[in-house]
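Trainee: I would like to go through the terms used for this model and see what each one rests on.
Mentor: Then let us take them one at a time.

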Amino acid sequence: MTNNKYVLSWIDEMAAMTQPDKIVWIDGSDEQAEALRAEACSTGELIKLNQELLPNCYLHRTAVNDVARVEGRTFICTPTQEEAGNINNWMDPNEMYAKLKKLYTGAMKGRTMYVIPYSMGVVGSDFAKYGIELTDSIYVVLNMLIMTRVGNNVLEALGDSPDYIKGLHAKADLDEENRYIVHFPQDNTIMSVNSGYGGNVLLGKKCFALRIASYLGRKEGWMAEHMLILGLEYPDGEIKYISAAFPSACGKTNLAMLIPPEYFRKKGYKVWCVGDDIAWLRVGKDGRLWAVNPENGFFGVAPGTNDHSNPNALATTKRDTIFTNVCHDLDNNTVWWEGLNDNPPKNALNWRGEKWDYTKYDKNDKVGTSGAHPNSRFTASAKNCPCVSSEFDSLTGVPISAIIFGGRRAKTAPLVYQSFNWQHGTFVGSIMASETTAAASGAVGVVRRDPMAMRPFVGYNMGDYWKHWLEMGKIIPNAPKIFHVNWFRTDDEGHFIWPGFGDNMRVLLWILDRCAGKADAVETPIGYVPYAEDINIEGLDISRDTIRDLLSVDKEAWLADVENIKDFYKLVGDHVPAEMYDELEALEARLNK
Ligand code: OXD
Ligand code: MN
């Protein structure tokens, strides 16, 4: 416990409002966690899985109406709407506090309030920031114990300081109409009510480590980004680090844990995972950009995870894991999800906990007919990942050589291109986008712009966020080079051309060669593109001509995209930095030349 008067008075105030029967402090001990798991099993909140096959693994089901982040109900409550910008939902802070007060009053009656002191980043490191989450959910406590660093040492490190992020979560009635995920950046406060789903309630993750942290980063001169961090080890033992931003569900976890193709593996190449979702980046004393993953575990999407797409993630989930909304195989008390293998369990419950008939599965109605919810998850400890980086707990982080942006584009973006410089790279990030595929929605090519993969996660005005990127460029003497990749180009029949997964390493190698000044490139209107000969295709069943196609730049498609970008910049509004418009004009001019 603590004598910190700021912490104690805030907890008193929150307890007076929510009126729990009792208050329990989470100390980070195994004994306490074990007792909470047992309690959750006794109430049905958790189901204990086969402990021989899946030691210390549990299954949880959320309410059927509560299975994903809710962007429409996520608010940034800055004093003025202009500070939050046009991309965020906004409400006047006083009005929002009053609204929330009604929802929280008495919400924990008959329940326990758990106090979770946690750290984002290694406790005591320069990067670390502390938070306290109050919650009435054991599921949240157990997930936070995996996803963050929890315990008394956080309170010791905080000492008497008021410098921590307050987070209040109450499940209340899980009422969708009154579900709110609210950020008050000026008050270091996050309030979440009427949800029990991960991204809405594990307040250290998206709410703190991205929305609040991005706001703090701008104030304090660092960056909080929706990026994986990986280290690529060469046969001589040298390791180069890359961070990469992709929109949700574009394979960040897969890239972060990739296994090199056999040809490279045999030569001694390895990939090490530092993080799969969030990076905090600071300028180091040596003038390079250094990154840490502030999290301590993975909250990964289960469907599609298998021995080909991500063997390391699969191995990570074999112990100490909480599965959420996956399919429950009753024959051996294990779990299953679509894309795990071709053997759906015959005797199983679906993600809703109903008897499941795998023969009725219809891929056009996944939510209705699948065994696992399409957004079902595993919460697993980074320490259990076979390829976790030895620098995972580093106090200083890892030096970043390259930043990669990526999206899902059927035609427009080539396999890879490099920006001309930091300002142009910021522009490339600002125009990031993904397209819906025919399989997903029926409408092909509907573009959603998702700048730096941060559209749902910037805790202030998107235009000011781009300005912050530009400002950061001026204070990093030895800045990473910025690239864009697209693993998702399709042929005329809609099939992916590039094999993806482990083979993506071939593109990473070109990127790192560029950073080391070892590879040439072709200058195109959109940036530097590789010579087809410079992508190593040893051991890959793909022709040079196909690589050439993958690297081609379709000017017409890009000119159409420019119009879409103009509309998006208009939507972002008058905080878009002039430099971004300069870059847009220059791109258009180069395309028209
Ligand atoms: C996301 C996630 O939605 O990481 O981006 O869960
Ligand atoms: Mn994410």
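Mentor: A polar contact is a pair of N or O atoms within 3.5 Å. The model is a predicted one.

Trainee: What makes the pair formed by H226 and ligand 1 a polar contact?
Mentor: A polar side-chain atom of H226 lies 3.3 Å from an oxygen atom of ligand 1. The cut-off is 3.5 Å, so the pair counts. For S248 the distance to an oxygen atom of ligand 1 is 2.6 Å, and for R69 it is 2.9 Å. Taken alone, ligand 1 exposes 210 Å², of which the protein buries 89%.

Trainee: Why are K206, H226 and D277 called donors of the manganese ion (ligand 2)?
Mentor: A donor is an N, O or S atom within 2.8 Å of the metal. NZ of K206, NE2 of H226 and OD of D277 lie 2.1 to 2.2 Å from the manganese ion, so they meet that limit. Along the chain their spacing reads K-x19-H-x50-D. K206 belongs to helix α8 and H226 to the loop between β11 and β12, so the pair ties together parts that are 20 residues apart in sequence.

Trainee: How do you know whether K206 and H226 are buried or exposed?
Mentor: Buried means under 20% relative accessible area. K206 has 5%, so K206 is buried; H226 has 1%, so H226 is buried.

Trainee: On what value is N350 classed as buried or exposed?
Mentor: Its relative accessibility is 3%, so N350 counts as buried. N350 sits in the loop between β21 and β22. Beyond its neighbours within four places in sequence, N350 contacts R61, V326, W356, S370 and G371.

Definitions and conventions. Residues numbered from 1 in each chain as written. Chains lettered and ligands numbered in written order. Predicted model: local features only at pLDDT ≥ 70, side-chain atom pairs only at ≥ 80, totals over all residues. Heavy atoms only, no water. Helix = DSSP H or I, 4+ residues; strand = E, 2+ residues; numbered from the N terminus. Buried < 20%, exposed > 50% of the residue type's maximum accessible area, 1.4 Å probe, protein only. Contact = heavy atoms within 4.5 Å. Polar contact = N/O pair within 3.5 Å; in protein donor to acceptor, adjacent residues only side chain to side chain. Areas by Shrake-Rupley, 256 points an atom, 1.4 Å probe, with all protein chains shown as cover. Donors = N, O, S within 2.8 Å, 3.2 Å for Na, K, Ca; no water.
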